[in-house]
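Please open the structure in the viewer and follow the selections below in order.

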Amino acid sequence: MRIEQLLLILGARWRVIVGVFALTTAAALIGSLLMPRAYLSTAEILADIDAPEPISGSFGPSYPQQTQQFMATLVDVILSDRVVDKVIAELKLTEDTDALARWRKDTGGKLTAKEYFAQMLRKHLEVKPARESSVVALRYTASSPQFAAQAANGFVQAFIATQVELRSDDAKSNVAFFDTSTQKLRENLGKAEARLSRYQLENGILSTGERYDVELTRLNELANQLTLVQAQRLDTSARARQSPSLQGTAPDVVQSPIVQRLRTELARAEVNLHDVSTRMGRNHPEHQRAVAEVRGLKRQIAAETKQVVRDVDAANQVNLEREKELRAEFDAQKAKVLAMTSQRDELNLLQKDVESAQRAYDVAKQRLSTNSLASQVNHTNVTLLAEARPPSRHAKPKIGLNTMIGALLGLLLGVASAVLWELCEPRLRSPEQAAQMLGLLILGSMPQNRPPLTASLRTALRLT
């Protein structure tokens, strides 16, 4: 169907279009007027997400994803059973005869009154967080403007009270836990301190630091002395082994001043004896005196050599005894230091136990104090921003919008009715349509002399 033909059809059947349009528009208007009135009341709350905790001082969520999760949790809490039960109690719905009658009528006793009222409250409540702010709007729709405002404000007050209770209840449960833990940790601390004191008393330990350093210094000194004596003993032992075999050529003998003096005198006496022998006979008194002098000096040298060897042996024995004594002292001092080291390690372990028990007790005591204060906090980071008020005009039905929709729908239905009627009762509306349907050529056409619209309307009115 061409557009020219459609326009001819609409022009010819305009009465049908106008009638359907009028009926549809009137039906939409009348239906809107007859629909029950619904009133919308809005309350707004501010969730201060960035506000620090009043006790711990910790801040709220800092990332956008955390903020979204916080707002989603806030909406879930508002619609939770705990909040809804508080609203039911605040509005006294279970005591309202009209509300109870409506409950019996709608459910027939299949649901409890609280379950029914909870469903109705959630159904008519809309919780809408703002997109780029921390403001949350609570919109409640009801047939009464006063009840809509009361319900919206009731949800706000119930939610704030629930938030306070959740924090307080959590802190109270933590208080009980940390109170018990603190008592146990205090007992553990007392036991650790008692073990430390008993150990110090049993071992006579007052302060291990300076005493241990003194004993360790003494051990180092004994080690140095023992090393020196061992070196001296090794030297005297070597000299003592060499002296009997070397006799006169032994280093100690050679270095002895008495032996050196006697050997000098012996050399002089031997020179004197040789001189006397060349001049006098063996029986001459002077020769015999020289021989006697040489023999005496040799006996003295031999005796002094033996004495030097005995002195070396004696020095070696002294060094051996000194080494034994120092080794005994060193071993005793070493055992003493090792015992003190063991005591100090045990004492350090006990002291660490005391320090660990003290830290655990301090942490638990601090947490107990923090939760005790938190259990007494009676406010939250949610604040009432705008209180709901009874609306002066109803929100539903929207008469103007419904009438406009009805008019648009009526216009479409009118056009559709005119086209459908034309399809059921077709008419020749133009010469082109006649030529097309009859398959003939158009030789000519007479113009249609139509009266003015006002005249045709008057004629139609007279006929009616």
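In this tour, a residue is called buried when its relative accessible area is under 20%, and exposed when that value is over 50%. The model is predicted.

**Helix H4**

Begin by selecting residues 81–91, which form helix H4. Display the side chains of Val83, Val84, Val87, Ile88 and Leu91, the buried residues of this helix. These residues lie on the same side of H4, because they cover an arc of only 140 degrees around the axis. The spacing follows a general rule: an α-helix has 3.6 residues a turn, so residues three or four places apart point the same way.

Next, rotate to the face of H4 that is turned away from its buried side; the exposed residues Ala89 and Glu90 are found there. Then step to lysine 92, which follows H4 and has a positive phi, near 55 degrees.

**Strand S3**

Now select residues 135–142, strand S3. How is strand S3 placed relative to the rest of the structure? Strand S3 is largely enclosed by it, since 6 of its 8 residues are buried.

**The partners of S3**

Add strand S1, residues 39–47, which pairs with S3 in the antiparallel sense over 8 bridges. To inspect one position in this pairing, select leucine 40 together with threonine 141, its bridge partner in S3.

Finally, add strand S2, residues 125–129, which runs antiparallel to S3 and is joined to it by 5 bridges. Here glutamate 126 stands opposite arginine 139 of S3. Trace the chain from S2 to S3: the two strands form a hairpin, with 5 residues between them.

Definitions and conventions
Residues numbered from 1 in each chain as written. Predicted model: local features only at pLDDT ≥ 70, side-chain atom pairs only at ≥ 80, totals over all residues. Heavy atoms only, no water. Buried < 20%, exposed > 50% of the residue type's maximum accessible area, 1.4 Å probe, protein only. Helix = DSSP H or I, 4+ residues; strand = E, 2+ residues; numbered from the N terminus. Pairing = 2+ DSSP bridges. Arc of directions from axis to C-beta.
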